[in-house]
Amino acid sequence: MSPYPNVPMSPMTLCPHIPMSQYPNGCCSPTGSCDESRACLCRAEGCRGEGCRGGGHPCTLWDSDAVEGEATEHEGALTEDDVYCRCLSRTLCHTATPVTVGFYAPCSHRLYSLLDKVTGFMREEAARREERELQRGQAKPRSAEGWGLLLLLWYLAFYKPIITELHLRRKNIGFIFIRFSAWQYAGCDKLWAGLVTTLCSSVRHHFGALPLSVYHVMGARPRYASGFSQKEWVLKRDACLKLWGLLLVLGAGLGVLLAALLVPGLKEHRALKVVGSTVTSLSGSGLVLGALSVLKNLLVSEKQKIERLTNSEKFTSQLGFMSKVRSEVEVLIGFLAFMEIFERRRLRVVLEITSLDLCYPEKVAGVLNAMNTLLSDANAPFIFVLAVDPSVIVPCLEQTGCMKGLADNGYLYLSRTVTLPFSIPRMGSRSRLQCLEAAVQTREDLMYRVITGNVERRRRREEAVRCIHEAFRCLHDGADLLARYLPSNGAQLRRIVNTIPVTLRLLLHRGGRPQGPAPRAAAAWVVLADRWPCRLSWVLQCLEDAWQARPPPGFEERSLWDVFLQHLAELCALRQPLHNALGLDEDPELFEAFLARDFPFTARDARALLPVTVNLDHSIRHKMGLLRGLNRLAKEAAAAAKVSRGVQCPQPE
C-alpha cells in the first residue's frame, strides 16, 4: 500500500492476480485517490455500459463524482480558450499528485489570461464539489478561523490524525493557488531558493503562523487506519502522560515550596525550600522549553530558515545543504496532510511558474531542478503549472551544464520533467468575437440558450464519462492492438493516462461525437503523439502546407503513412537541424506498423484531431515549417540562378 493516499499506482501496473476488492472505489490505486482513472478498472466480463467497483459490487458507470458536470454557465457562450481551460481544470481536479503541467503558449500576455481562467474554473469546481457533498449529508468542511483555530490547536497538541476509508472517499477539494514570477527573482544568485521560499511563505500565510509553529513542535503526520476503523483522531497517550506527569510534579513542587514558606512549623526547614524550588524549576522548565520552541518557530519562518541557509557560503558547499531544505519541505507536506484530515477535504497546492523564459539559462535550469526536488516526495500534494514557451526554454536548457547525459537535448529534458503536457492552440474565432457577440445578442437568443443548455450539458456529461471509460478499457485489454504500443516507462504512461480525458472532453466540446473519432481512435492518437512527437509533427506540417496550397480531390482520404513516405527524403535532408526533436521519437519500425497497419489515420482524421492534440509541442511543428520554407526558398534561388546563367551564356549552335 502506498504510504499516502495521493500517490496512485499506474493503471498499467495492476496485477491481474490481485483481487479487485483490494482497490477501493474501483480506482486504479489501492488508495482510491485517482477518481477519473477509475475507468481503467471497468474491464470485468459482461460489463455492458455499467461500471464495476472493487469486489464485484455493481456501480453506475456515469459517476457524477468521477467526471463532474460540464459548465454551469451557458456553454454556447464559451470561447475556445474557455473550453480548453475548463477541460484542463477538470482534469487537474482528478489527477493524482504530484504532477507537473507543461502549459505551453507562445504569447505571454495570452498565457496570463489563460492561467486566470484555469484558476477560476478550478475554484468553481471546488465549490461545486463541496455543495454536492453537503447535499449528500457529508460533514461540513472546517477552517482554521475563530473557534476552528482553537480546535485545531487542541488537535495539534493532543491528537494524531488517521487516514480512514471515509477520508479516502471524500470528493470535496481545496486549492491553494501560488503564482511564482521567476522574473522577480532573476537578480538573485539562487533563483530556485525563491521558488521554495515562495511556497513556504504562501502556505504559512494561508493557514496562519501559529498552527504551523505548533505543528513543528507537537504535530504528528497522518498514518493509515488499521482495519476499517472510521476514527480520524487518536489521543496521544505519551504526550498526555508526559503533560500530566509534568503538571503533577509541578503541583507537588509548588505545594512543598508553599508549605515551606507559609506553614509556621515548616518555615525553619531549609531543605524543604530547596526541594520544592528544585522540583518546581525542573518540571516548569519542560513546559517553558516547549513554549519557547513554539515561539521560535512563530518568529522564524521557514522562508527565513531557507534564506539563512542560502546566505551561508560555508554551509552551501556541504552535502547536507539540500537535505536541510528538503527537511523543511517535508515538514510542510506533513502539515498539509494534517490539515486535510482537519478540514475534511483534499488539499492541493497549485504553483504557477511564469516568466521563466525571461531569465538566464542557468536560472531556468535551477528552477526546474528545484521543481524536481519538491516532486521527489511521492506524498507531495503539489500541482506545478509550468507556463512557458518551449521554443525559448529548450535552447536555454541546451546551453547549461544540466544537459550532460541527455545528449544535449532540451526537448528530452523537458519531456521528462512534465507529466501532463498541454499545448494551447491558436486563438479561435469565438475568442476574438466574444465581445461583439455579447453586444449583438438578443434577449430571446439568450433565453433559448438557457433552455437548451441544460439538456446539452446533461448529454455531454454522460457522453464524457462513457468515452473515458471506453478509452481506458482499450488500454487494459491485452487483445487490443493499442495495448502493444503502450510504453514501459512509468512517466510516459502517466502522461498518456492524464492526457486522454482532456482530449476526449475537448472532442465533445467541439461536437466530435458521434460523427468524429471514436474514443479508441482518440486514445491511439494520444499514444502516437506521445511516442513519436517529431514524426507526427512532420506529417502534420506537411498536411498543413498541402491544405494551404489547395490539395487535389481525395487528398483527405490519404493515409498519414503515405504522406510521411512522400516527404521522407525531405525529412532526412533536415535531420541535422531536427536532431534533438528526432531524439524524442522511439522505434521507427513501430511507427510504421502503427500508421501503416494497425491505426491507418487519414488526413481527414488528422484535421479533426489536431485542434485537440494538447500533448504535442507545437513549437516543433513551427520550427519544421520554418525549415521547410527556408529549404524551398533555397531551391527556388538555385533554380533562378541556373536559369539566369542559361540566359546570359546561351549554348552555341
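**Figure 1. Confidence along the predicted chain.** pLDDT is the predictor's confidence in each residue, on a scale from 0 to 100. Welcome to a predicted model, in which pLDDT stays under 50 over residues 1-75. For that opening stretch, the model has 192 contacts beyond four places in sequence. Residues 435-452 also have a pLDDT below 50, and this stretch has eight contacts in the model beyond near neighbours in sequence. Helix α16 (residues 434-440) has the lowest confidence in the chain, with a mean of 40. At the other end of the scale, helix α21 (residues 560-566) has the highest, at 93. Taken over the chain, the mean pLDDT is 74, and 69% of the residues reach 70 or more.

**Figure 2. The chain as a whole.** Here is some orientation before the closer views. The chain has 653 residues, and buried ones make up 51% of them. Its secondary structure comes to 26 helices and eight strands. How many of the contacts between residues at least 6 apart in sequence join residues at least 24 apart? The share is 81%.

**Figure 3. The largest nonpolar core.** This core holds 155 residues. Which of them touch the most other members? They are F103, F382, L543, F594 and F601. Helix α11 (residues 320-343) gives the core its largest share, 10 residues.

**Figure 4. The surroundings of F601.** This view picks out F601, one of the core residues that touch the most other members. Leaving aside residues up to four places away in sequence, F601 touches A521, A524, W525 and L528, along with R558, S559 and L560. Its remaining partners are F594, L595 and L609.

**Figure 5. Helices α19 and α24 side by side.** The axes of helix α19 (residues 519-531) and helix α24 (residues 588-598) come within 12 Å and cross at roughly 155°. Are the two helices roughly parallel or roughly antiparallel? Angles over 145 degrees count as roughly antiparallel, and the crossing angle therefore makes α19 roughly antiparallel to α24. The crossing of α19 and α24 is left-handed. On the α19 side, the contact is made by A524, L528 and R531. On the α24 side, look for L590, F591, F594 and L595.

**Figure 6. Helices α3 and α6 side by side.** Here the axes of helix α3 (residues 147-158) and helix α6 (residues 209-218) come within 9 Å, crossing at roughly 10°. Angles under 35 degrees count as roughly parallel, so α3 and α6 are roughly parallel to each other. From α3, the residues making the contact are L149, L152, L153, L156 and A157. They meet L210, P211, V214, Y215 and M218 of α6.

**Figure 7. F335 in helix α11.** F335 lies in helix α11. Is F335 buried or exposed? Its relative accessibility is 1%, so F335 counts as buried. Not counting residues up to four places away in sequence, F335 touches F207, P211, L212 and Y215. Two of these, P211 and Y215, also appear among the α6 residues in contact with α3. The C-alpha atoms of F335 and A220 are separated by 8.3 Å, although the two residues are 115 residues apart along the chain.

**Figure 8. R128 in helix α2.** Our last stop is R128, found in helix α2 (residues 108-135). R128 counts as buried because its relative accessibility is 14%, and the cut-off for buried is under 20%. Along the chain, R128 and N172 are 44 residues apart, while their C-alpha atoms are separated by 8.5 Å.

Definitions and conventions: Residues are numbered from 1 along each chain as its sequence is written. This is a predicted model: local features need pLDDT of at least 70, side-chain atom pairs count only at pLDDT 80 or more; totals for chains, interfaces and linings use all residues. Side-chain values use heavy atoms; hydrogens and water are left out. Helices (H or I, at least four residues) and strands (E, at least two) are DSSP runs, numbered from the N terminus. Contact means heavy atoms within 4.5 Å. A nonpolar core is a set of buried Ala, Val, Leu, Ile, Met, Phe, Trp, Tyr and Cys residues joined through side-chain atoms within 4.5 Å. Buried means under 20% relative accessible area, exposed over 50%, partly exposed in between (1.4 Å probe, protein chains only). Axes are lines fitted to C-alpha atoms, for helices over the stretch in contact, and angles run from 0 to 180 degrees between N-to-C directions. Angles under 35 degrees count as roughly parallel, over 145 as roughly antiparallel, 65 to 115 as roughly perpendicular and the rest as oblique. A crossing is left-handed if the near helix is turned anticlockwise from the far one by less than a right angle, and right-handed if clockwise.
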